[in-house]
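Here is a friendly round of questions and answers about how structural labels are earned. Each answer sets a value beside its definition.

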Amino acid sequence: MRAPTRPVTDRAAPPPFPPDAEPLCEEPGPGAARCLGLYAKLAAGVTVVTARGEDGPLGMTVSAVTSLSARPPLLLACLRDGSRTLAAVRSRRAFAVHLLREEQRELAGRFASPTTTAAERFAGTGTRQVLGVPVLAGALAWSVCLTEDVRRYGDHHLVVGRVAAVHVGGGRPLLWHDRRFGALTEPAPDGTV
């Protein structure tokens, strides 16, 4: 019979909060403005997520997209609560993720604008259908995903998609950092600038 294990008690106590730490607000944690300031410092590739809506293609610019798993191939995208694109992703159970090229700032802005209609967003994009999902021509890379899971966290939903089709082209990604678009400044590994 083994002796019961004792809890470890000689761990160092965590350091106290710095004197300039923001006090707790109505919800635990710092205020939204301070969090948004932190989030703005996270550099991200700019993507457009598209889906087939009831009346045609829908899409929105998204900066929070990341790989989740290679086996099985899964992507994770964070979509704003209440968006028509999110509703289409949920109902149609499929969506596309497009990583934009650094030359596609105008396209990213068009898909991000709350006043631009779906028809205006897709105008002149050379859209084609892949597995029933609208795919934009000219993206640096794209994937069509089958919706695996959708879960709400705060004012966004985490959407997990299983990659069903993928295309990777050449070029450099459009970046989002400090609330503005940017580009890589170092030469690409293949020698392109």
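The turns below go through the chain, its strands, its cores, a pocket and some backbone angles.

Q: What kind of model is this, and how are residues numbered?
A: This is a predicted model, in which local features need pLDDT of at least 70, side-chain atom pairs count only at pLDDT 80 or more, and totals for chains, interfaces and linings use all residues. Residues are numbered from 1 along each chain as its sequence is written, and side-chain values use heavy atoms, with hydrogens and water left out.

Q: How many helices and strands are in the chain, and what makes a run count as one?
A: The chain has four helices and twelve strands. Helices (H or I, at least four residues) and strands (E, at least two) are DSSP runs, numbered from the N terminus.

Q: Why are strand 4 and strand 5 called paired?
A: Two strands pair if DSSP finds at least two bridges between them. Four bridges join strand 4 (residues 65–69) to strand 5 (residues 74–80), so the condition is met, and the two run antiparallel. Ser69 has Leu74 as its bridge partner, and Val65 stands opposite Ala77. A hairpin of four residues links the two strands; Pro72 is found in that loop, and the peptide bond from Arg71 to Pro72 is cis, with omega near -5 degrees.

Q: What makes strand 10 a partner of strand 5?
A: Seven bridges join strand 5 to strand 10 (residues 156–168), so the pair meets the requirement, again antiparallel. Arg80 stands opposite His156 in strand 10.

Q: Why is strand 5 described as largely enclosed by the rest of the structure?
A: Buried means under 20% relative accessible area, exposed over 50%, and partly exposed in between (1.4 Å probe, protein chains only). Five of the seven residues of strand 5 are buried, so the description holds. For the chain, buried residues make up 35% of the 193 residues.

Q: Why is Leu131 called exposed and Arg93 partly exposed?
A: Leu131 has a relative accessible area of 56%, so it is exposed. Arg93 is at 39%, so it counts as partly exposed. Phi is positive in each, near 55 degrees for Leu131 and near 65 degrees for Arg93. Leu131 is found in the loop between strand 7 (128–130) and strand 8 (133–135), while Arg93 is in the loop between helix 2 and strand 6.

Q: What makes a set of residues a nonpolar core, and which residues have the most contacts inside the largest one?
A: The set must be buried Ala, Val, Leu, Ile, Met, Phe, Trp, Tyr and Cys residues joined through side-chain atoms within 4.5 Å. The largest has 16 residues, and Val49, Leu79, Val89, Phe95 and Val159 have the most contacts inside it. A second, separate core of nine residues includes Leu100, Leu107, Phe122 and Leu136.

Q: Which elements give two or more residues to the lining of the second largest pocket?
A: They are strand 2 (47–53), strand 3 (56–62), helix 2 (84–92) and helix 4 (118–122). Helix 2 gives the most, with five residues.
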